[in-house]
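User: I have a model open and want to learn how to read it. Can you take me through it feature by feature?

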Amino acid sequence: MNGPRFDRTFAMLFVVMLTIAAGNTALQSVLPALGRSLGVRDSWVAVAFSVSALLWVVAAPFWANRSDRHGRRAMVLLGLTGFCLSLFLCGSFLAAGINGWIPGTLAFALFVIGRMFYGGLGSAAPPAVQAIVAGRTTREERTRALALLGSAFGLGTILGPAIAPYLVVGHLGSVEIGLAGPAFVGCMIGLVVLTAAARQLSGQPDLAGHGVASAYPSIGGAPTGASVTAAVAGHDERVGFLDPRVRGWMTVGLVMGHAQAMTGQVIGFLVIDRLHLAPAEALPPTGLVLMIGAVSALLVQWGFIPLLNLRPATLVRIGLVIAAVGCAATGTAGTLYGIAMGNALAAMGFGFIRPGFTAGSSLAVGAEAQGSVAGKVTSINGASFVLGPSIGVGLYELWRPLPYLTAAAALVLLLGYAWLVLKDRTSPRSC
């Protein structure tokens, strides 16, 4: 980095990314308990997941382009403002339902509206943060700096579920806060970060650099580096999702992503029902299960994959086997230990698959198409969390093990497809 001042700026931007990710995953981890405590159908919880993810997928490219034309600092502050506003509204609506001021169904419907601000406005910050870092680093430093910045999302997937159970508070005067606590505490932390970012970024010019849309920060959605590649690589050649060179890899990413979203977003319901817990009592074990899963995925991506140095197709095949076994084990487990270990195994498998299909897509094309392919990978990673949660909850309402067994079966079929279709190639421009 270019001097102490930029070091402070980079640290501030890292905290921005970490806050946006951790705040979202913390709220995600308590949503099943919130839905059950308010007496709403589980499908409403899925809607809360899906609406926010959909708006993020749609809005993120728009904000990425706008940040290049209208100022990165403004976009960072807009994203943080949307983050804080969303959490405040969500907490307020939830508190109104918890205290009986409005019906639980209405409270959760308004909560879904509050989540729209996170997806629609919160997505403005990550592309602008990337652009600031890209503009203040040399070409040699840029990839490493953006990768470190992207790891904030990965850390957020661990931090959010880990701290969420400790953010549930009792009463504020005569008002019960309860399960709305994570939203209010997250909002207060966001306001502190917003104030600090406004001061740190004040007066700093927008240097040459480009930011791209980041995948929706969700539990289990660990970064793969695709957004980094998209930010630093050229976009001279446009590559479609159905291009024969990448079609197989994109299919693997799409099916795998939906399997992960289906199973990950119903884990809170599974803990409540299998362990026969009250919603509030389920938060610590749910947080533990999610945290162990996130750590397992990151351990694979940051530890095992660099150590083993396997080819992309091999990573995908190994990951599909492990993930399928993990999903089946989770769906049939009857104890907290069994659920935690099964989910950790599934997360480990997904941790192999994501970098595998990302690297395989990159190696399938030349240097001039790297940016385009990386953008497609990021889109698939985000799109999986639009319909995946609703599919998973719908299957769960039919039969509790069904989303896990369905995901396991899909992964087994995908293994056969991957074995026949995926071929490792070495392109002129490696990933």
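**Reading the model**

Analyst: Start with the aromatic rings. Searching the whole structure, which is a predicted model, turns up six aromatic pairs.

User: How are the rings of Phe-62 and Trp-63 arranged?

Analyst: Look at the angle between the planes. Planes over 60 degrees apart count as edge-to-face. For Phe-62 and Trp-63 the planes stand at 65°, so this pair is edge-to-face. Their ring centres are 4.9 Å apart.

User: Is Phe-62 buried or exposed?

Analyst: Read the relative accessible area. Buried means under 20%, exposed means over 50%, and partly exposed falls in between. Phe-62 has 44%, so it is partly exposed. Trp-63 has 10%, so that residue is buried.

User: Which residues do ring pairs link into a cluster?

Analyst: Follow the pairs from ring to ring. Trp-56, Phe-83 and Tyr-118 are joined this way.

User: Which charged ends sit over rings?

Analyst: Check the charged end against the ring centre. Arg-317 places its charged end over the ring of Trp-419, 4.8 Å from the centre. Lys-376 does so over the ring of Phe-241, at 5.6 Å from the centre.

User: How many disulfides does the structure hold?

Analyst: Look for paired cysteine sulfurs. A disulfide needs the two sulfur atoms within 2.5 Å. The structure has zero disulfides. Still, check where the cysteines sit. Cys-90 is buried, because its relative accessible area is 0%. Cys-327 is buried too, with 1%.

User: Now a polar residue. Where does Gln-28 lie?

Analyst: Place the residue in its element, then check its cover. Gln-28 belongs to helix α1, which spans residues 4-38. Its relative accessibility is 3%, so Gln-28 counts as buried.

User: What does Gln-28 touch?

Analyst: Set aside residues up to four places away in sequence. Gln-28 then touches Phe-49, Tyr-216, Pro-217, Ser-218, Ile-219 and Gln-265.

User: Now zoom out. How many helices and strands does the protein chain have?

Analyst: Count the elements. The chain has 15 helices and two strands.

User: What share of the residues is buried?

Analyst: Apply the burial cut-off along the chain. Of the 431 residues in the protein chain, 58% are buried.

User: And what about contacts and surface?

Analyst: For contacts, look at sequence separation. Among contacts with a separation of 6 or more, 86% are between residues 24 or more positions apart. For the surface, look at area and atom type. The accessible surface of the protein chain is about 16200 Å², and 67% of that belongs to carbon and sulfur atoms.

Note on methods. Residues are numbered from 1 along each chain as its sequence is written. This is a predicted model: local features need pLDDT of at least 70, side-chain atom pairs count only at pLDDT 80 or more; totals for chains, interfaces and linings use all residues. Side-chain values use heavy atoms; hydrogens and water are left out. Helices (H or I, at least four residues) and strands (E, at least two) are DSSP runs, numbered from the N terminus. Buried means under 20% relative accessible area, exposed over 50%, partly exposed in between (1.4 Å probe, protein chains only). Contact means heavy atoms within 4.5 Å. Accessible areas come from the Shrake-Rupley method with a 1.4 Å probe; for residues, only the protein chains shown count as cover. Rings of Phe, Tyr and Trp (its six-membered ring) pair if their centres lie within 6.5 Å; planes under 30 degrees apart count as stacked, over 60 as edge-to-face and the rest as tilted. A charge sits over a ring if NZ of Lys or CZ of Arg is within 6 Å of the ring centre and within 35 degrees of the ring normal.
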